[in-house]
Structures are given as structure tokens and as C-alpha cells.
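Reader: I am new to this structure and should be grateful for a close look at a single part of it. Please begin with the terms that the part requires, and then set it beside other parts.

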Amino acid sequence: MQAAFQRGRKKPTDNDFAPVLVGPPPRALSLGEELIENARQDYLDALPIAGAVICVSTTGDPYIDMANSQFSHLTSWNGYEGRWVGQIDFLRDAGIARVMEVFLHGGETVLDFEARDGHGIGSRHFSVRLARLKPNAYSAQRCLVTLIDRTAQIETEKSLRAEMLRDSLTGLPNRLAFNEQVESALGNHEAGEVRHAVVVLDVTRFSRVNECMGAIAGDELLITFARRIFSALRAGDVLARTGGDEFGILMRLDKGLDDALQLAERIRTVLATPFRLSELEIRVDCSVGISLLTDQVELAEEVLRNAQFALKRSKQSGLVQVYEPNQARVARRRFSIETELRRAIEANQLTLAYQPLISLATGEVSAFEALARWEHEGRGTISPEEFIPVAEESGLILSLGRWALDAATRTLAGWDETVGRKLPLSIAVNLSPIQVARDDVPAAVADALSASGLEGERLTLELTESTIIQDPQRATTVLEALKGLRARVAMDDFGTGYTSLAYLQRLPIDMLKIDRSFVTGMLKDRDSIAIVRAVLSLAAALGITTTAEGVECAEVERALAELGCSRGQGFHFSEPLEAQAALDYWLSRNA
């Protein structure tokens, strides 16, 4: 060792310690003790890290007994002066000297801790370990101290963390950093107070910009959008990019919810000016969802998710929406229903109910509409209005639709077999727009007809106007293929969509079903009866039969018959029935 004080190799005199307060003067060593001390120093020098042996003097103060060159360099100790640990600036300022003193007078055998020398950019970071040594002839309390400089590692970690928390495109905090800010606000939240809100917004028409102008233009739009939003914020508000075209704002509420609503108004104002992208100018708006930080919310992700629920409603309404607590429960129920619906379809736990379609001229049953029903063993009856949208959103409507086709055609074939002849009946099954868009509907219909042995004209496929509007070309192809199978096609809920007369003329549609919203109140509403009369006249001109939905009383039945409507359907005639009851109803009504 070069710079370190070495017991046994060079014995300092009293004059060596004269200028400063030092540890106890070294005593004379025997030859054996000197060899032992040299060996200890050699071991210390062999350490790849800074190390020193600290002893306690007779006065109870720790001092450096021996050290290696790394320790001397790190602490700027010259090996002779200022052997008391409290006199060495590095050990004192980093708090290590005080920890050493407590450790040496305590009972622990090992102690690991982190220390820092200095503050700010120039600070250094160390891992420190104190390990107790056995007493020797001149000190009953000794320990080995080792120091590892972790400054480079800490700075790298800080740099990586900063990069991890930053959105590379906009330079804003990302979702992770935003959640940390929200967690901090939640941690400082006092019971009964609402002092912060999270505002989530997204760029309208962003996907269209990407499709038409490319990803670079899309990135440019996001950067400009973020700058505009930032200009609308107050001091202290935090803006982050939380998703592709989604941004989150954490804001303090001084005036309650009004602060968040005013921010939304300021954002709409700064977005009013068109955005210039390349040679084009486009107008961009945003949907806004707001969630308040309350006692009922514990996690940042929950706050953000609540704001996103409100954002979804904002997209539908075009208005700023504030989260309502029941939205999360509804979303969780929908997710749970999706899981259980998949199992119910696989286990064949759904059933079909059959509602009769009555000929208004003869009063006989001419057809039945098959309607899916789900009786859940734990939840009870789950309405189709609840599980059908879930099936469409999740894609389960494809397997559900094929099941309904198979079950309905088998039921009608079973009725024929029960009665012993082919009944003058047809069965109607609803087609979802998702089925028409994604599934091979003609193939599914052909399979169902083949398996049941029914002729195509005894099966009617009902589809809504939205099915045609979404993809007219595909809808035309599907309907023509169904007509090739001799199946009949009905347009359901007619009058509520946007089907043009050109579609009615061009598409192979056999029946129009007039929506119940026009039928139910037609006797009290002149506009409704005028619409019904117009639809019936249009259908007669095109040679299309008609069915009125929602017939609830005898007066409406008579009025529809007088207007020339072909068939009626509704609770005035019968509610949907299970298969055997439906057959019994036909037998009683058509006897």
C-alpha cells in the first residue's frame, strides 16, 4: 500500500499527530503482533473496494486503525492526520461517522445502509457496510467498514427512470408518470374533500388523419394538439399522454367541479383554430371525460379508468361528461356477462322463445319469430337487451347466431314431426349486423336447413336497416345468396334507420316490419298513423308484405287491418312462448 497508514510497516511518532487531534499514539508492537498487523493490512489492500478498520479509543471515540488506498482516495484521508472519523469531512458530511459510532457501541454484527455525499447534480452515492470484528489487544470494539461508489449506477437509474416516465413523441409525462402524480394526490387527499380531478380527452378524427395523411402527419397533429392543450392549463396542472391519441390532466380544484368544466371550455376554445398539416387545414375537436378524486377511489388506475368511462359517454353524446359511480359497476357486469355467456353458449344453456305473427285478415298464426332467452342459475333472467349487445361487442354473436339458426329450424322440423305433416308455418330468426359483416351467413343458413330438412321458404332472416347502411355491397351479396337458398328476408324495425328507397327497390326484401314506436301510439298520434299509412302504401307499391310490431290492443289490430297491413305481432296476441306452448298456441288458433 502506498498512501494508507500501515500499522507495523511505518510507526508514526508523536510529532506525526501533533498538528491535529488524533487517535491514541501507537504502542510498541512485538514481532508477532507486527507480523499479524502486516497480514491484516495485506488483506485490506487486497479488497477491490474501499475498506478500513475502525476502532474505539479508551475515550469511546471511533478512529481509523488501518485503511487501504481506495478508502484513502475516496475520503481524501492522507493516512496520518485526522484519524478520528468525525474529523474526516466525507465521513462526517455523509452521516457515516455518526452511524459508525452508534454501531460500535451497539450490539449489531452487520449493518448495511446507503449514504450520500453532497446534494444536487454533483452528489455521490455509496453503499456502506459495517461488520463487527473480534476485539484485539488494543481495542475491544472494532469493525470493518467498506464503501462501494454507486454514483454511476444511481445516475443511470435516474436517467432510465426519467426516460421510462416520458413520452418520446410529445416530451410529456407518460401514463406511468401520470399515475404516480395521481397516486401522490390521492395520498394527500383528506377525508370528505374533493380537491383534485382527472380530465381525460382524446383527439377526434385522429385515425382518419393517420389513414389519409400517414403516421408522420398523425404525429405532427398529436404534438400540436398537446401544445394547444398545454396553453389552456393553469399553473400546477399536469398534462400527460396516457395513450395513442389520449391525454390526461391532473388539476387542483379550487372552486370544485366548475374548475374542470371551465378547463374543458378553455380547451374547446384553443382547439377552435384549424390545425395546419402539410398543405391542409383541418379542424380538430376532442371528447372530454372527468373523474373526481374522492374517498371512494383508492388507486390511480381506478381514477383514470373512471375518467375513461366518462370519455366514452362523451364520444357518444358530444358533450363533456362527468363520471358517475354506477358506470364502473355496469362495465364490470358487462365483462362478467361476456365470460358467462361464452360458457352458456358452449354448454347449450340458452333457449329460444317463439312469438307468433298473426295474419290480420284471417286471425291465424302464419309464422313465429325465434327470440333468444337466457335464464342464469345465479342471476336469474338476463334480458336480451343486455346480453345481445355484449355478444355483438365480444364477437360471441357469431356462435350465438349459428346456434339460433340451428335451434329454430330443428324446432320447426320437430313440430312437423309431432303433428305428422308439414305445417303451414315459417320461422323467423334475427341476423346481427356483426354476423352479416364477419360470418358466412349463407353457409350457416344452408347448414341449418340441411340439418333440419326444411325448405328455404320456411325460414325468414330478419335484419335491421343498419346492417345495410354499414356495408351495402356486402349486404347485397349476402341477401342475394340467401334468396338463392329460397329463404325469405325481412327488414326489421323499419322507419327507425336511414334506408333509402333505392335499397328497397334494389335489394331482395320480402317483408317490412314496422317498428313498434309507430304502432303502439298510432291511435293517439296523427304523425305515427301517417307514417304507418305511408309505409304500408310503399310496401304495396313494391309488392312487399308487412308486419306491424308492438300490437297491444284490439283497436290497433283493427286499424292496421283496415290500413292493409298483412300481419301483426305483439302482446295483444301472445307473449313469446317456449317451443311446446308455441305449438299448442298454433293448434288452438288454427283449428
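Author: Two strands pair if DSSP finds at least two bridges between them. Strands (E, at least two residues) and helices (H or I, at least four) are DSSP runs, numbered from the N terminus. The model is predicted, with local features requiring pLDDT of at least 70 and side-chain atom pairs pLDDT 80 or more, while totals for chains, interfaces and linings use all residues. Residues are numbered from 1 along each chain as its sequence is written, and side-chain values use heavy atoms, without hydrogens or water.

The part chosen is strand β19, which spans residues 511-514. Strand β18 (residues 488-494) runs parallel to β19 and is joined to it by three bridges; within this pairing, F494 stands opposite I514 of β19. Strand β20 (residues 545-549) also runs parallel to β19, through four bridges, and here K513 of β19 faces T547 of β20. Both faces of β19 are covered: M511 and K513 on one side, and L512 and I514 on the other, are all buried (under 20% relative accessible area with a 1.4 Å probe, protein chains only).

Elsewhere, an open sheet of five strands follows the order β7-β8-β6-β11-β12, and its pairing is mixed. Its edge strands, β7 (238-241) and β12 (321-322), each pair on one side only. Inside this sheet, β6 (residues 196-203) and β8 (residues 246-252) are antiparallel and share seven bridges, with V199 standing opposite I249 in β8. Helix α10 (residues 300-317) packs on the sheet and touches β6, β8, β11 and β12, where contact means heavy atoms within 4.5 Å. The direction of α10 makes about 140° with that of β11 (axes are lines fitted to C-alpha atoms, for helices over the stretch in contact, with angles from 0 to 180 degrees between N-to-C directions). Helix α8 (residues 215-231) lies across β6, β7, β8 and β11 (286-292), and runs at about 145° to β6.

A single residue in a helix may complete the view. V390 belongs to helix α12, residues 384-394. Leaving aside residues up to four places away in sequence, V390 touches R334, I337 and E338. V390 and I337 are 53 residues apart along the chain, and their C-alpha atoms are separated by 7.5 Å. V390 counts as buried because its relative accessible area is 3%.

How values were computed. Buried < 20%, exposed > 50% of the residue type's maximum accessible area, 1.4 Å probe, protein only.
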